[in-house]
Amino acid sequence: MAENESVSTSLIDLAELPPSGLIAIDATIDGENTSIIIHRDGEKFSAWLNICPHAGRRLDYVPGKFLIDQGLLVCAAHGANFRLADGECVAGPCRGEHLTSVPIVRRGEKIFLP
């Protein structure tokens, strides 16, 4: 491996993440530029592709802006409702399906793709 090659990619500093809520980040996954959602709940972090399983559209209504209703992420296109704890669709056209999880890790004060 070359000196400047890394086995992981830094996505964001913790200071840039709200203590609770969602943020959209552009990242390269499997050679493709894609949008991912990072959810922070205190010291717990989850990430998913910013794609609704119902129709393959982005979940945000404008880049980086999400609809949250009663603690659920709402797809701006068709109204599917996703639990932030696990990405499961609990209401709407794709009930029972899940957002596609993206593995992330925290190292120090940064979030990385492994």
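A nonpolar core here is a set of buried Ala, Val, Leu, Ile, Met, Phe, Trp, Tyr and Cys residues joined through side-chain atoms within 4.5 Å. Keep that in mind for the first stops. The model on screen is predicted.

**Colour by confidence**

Start with pLDDT. The chain averages 90, and 93% of the residues score at least 70. Select strand β8, residues 89–91: confidence is highest there, at 98. In β1 confidence is lowest, at a mean of 89. Now select residues 1–6. Here pLDDT stays under 50. The model has two contacts beyond four places in sequence for this stretch. Where pLDDT is low, the predicted coordinates should not be read in detail. Hide residues 1–6 if they distract.

**The largest core**

Select Leu11, Ile12, Leu17, Ile36, Ile38, Ile104 and Ile111. These residues have the most contacts inside the largest nonpolar core, which has 15 residues. Next, show the elements that give two or more residues to this core: β1 (9–13), β2 (20–29), β3 (32–41), β4 (44–49) and β10 (110–113). Which of them gives the most? It is β4, with three residues.

Centre on leucine 11. Beyond its neighbours within four places in sequence, it is in contact with Ile25, Ala27, Ile36, Ile38, Ile104, Ile111, Phe112 and Leu113. Ile36, Ile38, Ile104 and Ile111 were in your opening selection too.

Apart from this core lies another, of 14 residues. Pick out Leu59, Cys75, Leu84 and Cys94, which are among them.

**Histidine 39**

Go to strand β3 and select histidine 39. Is this residue buried or exposed? Its relative accessible area is 11%, so histidine 39 is buried, the cut-off being under 20%. Show what surrounds the side chain and backbone. Not counting residues up to four places away in sequence, histidine 39 touches Gly21, Leu22, Lys44, Phe45, Ser46, Trp48 and Leu84. Leu84 is a residue you have just seen, in the core of 14 residues.

**Salt bridges**

Switch to charged side chains. The count comes to seven salt bridges.

Select aspartate 13 and lysine 110. Their side chains meet in a salt bridge, 2.7 Å from N to O. Aspartate 13 lies in strand β1 and lysine 110 in strand β10, so the pair ties together parts that are 97 residues apart in sequence. Both ends are partly exposed: aspartate 13 has a relative accessible area of 28%, and lysine 110 has 32%.

Move to arginine 83. It has a salt bridge to aspartate 86, with the closest N and O atoms 2.7 Å apart. Arginine 83 also meets glutamate 88, at 2.5 Å from N to O. Colour the three by accessibility. Arginine 83 is partly exposed at 32%, aspartate 86 is partly exposed at 33%, and glutamate 88 is partly exposed at 21%.

Then select Arg40, Glu43, Arg106 and Glu109. Salt bridges that share partners join these four into one network.

**Out on the surface**

Turn on the surface. Select Tyr61, Val62 and Leu67. They form a nonpolar patch with about 260 Å² of accessible area together. Leucine 67 lies in strand β5, residues 67–69. Leucine 67 is partly exposed, at 36% relative accessible area.

Next, arginine 57. You will find it in the loop between β4 and β5. It is partly exposed, with a relative accessible area of 48%. Leaving aside neighbours within four places in sequence, arginine 57 is in contact with Asn50, Ile51, Cys52, Ala77 and His78. Draw a line from its C-alpha to that of threonine 34: the two atoms are separated by 12 Å, and the residues are 23 apart along the chain.

**Two backbone oddities**

Last, check phi. Most residues other than glycine have a negative phi, and most peptide bonds are trans. Select aspartate 30, in the loop between β2 and β3. Its phi is positive, about 50 degrees, although aspartate 30 is not a glycine. Aspartate 30 is exposed, with a relative accessible area of 79%.

Now glutamine 70, in the loop between β5 and β6 (72–74). What is its phi? Positive, about 50 degrees, and again the residue is not a glycine. Glutamine 70 counts as exposed, at 76% relative accessibility.

How values were computed. Residues are numbered from 1 along each chain as its sequence is written. This is a predicted model: local features need pLDDT of at least 70, side-chain atom pairs count only at pLDDT 80 or more; totals for chains, interfaces and linings use all residues. Side-chain values use heavy atoms; hydrogens and water are left out. Buried means under 20% relative accessible area, exposed over 50%, partly exposed in between (1.4 Å probe, protein chains only). Helices (H or I, at least four residues) and strands (E, at least two) are DSSP runs, numbered from the N terminus. Contact means heavy atoms within 4.5 Å. Patches are made of residues with over 30% relative accessible area and no salt bridge: like charges are joined within 9 Å, nonpolar side chains (Val, Leu, Ile, Met, Phe, Trp, Tyr) within 5 Å. Accessible areas come from the Shrake-Rupley method with a 1.4 Å probe; for residues, only the protein chains shown count as cover. pLDDT is the predictor's confidence in each residue, from 0 to 100.
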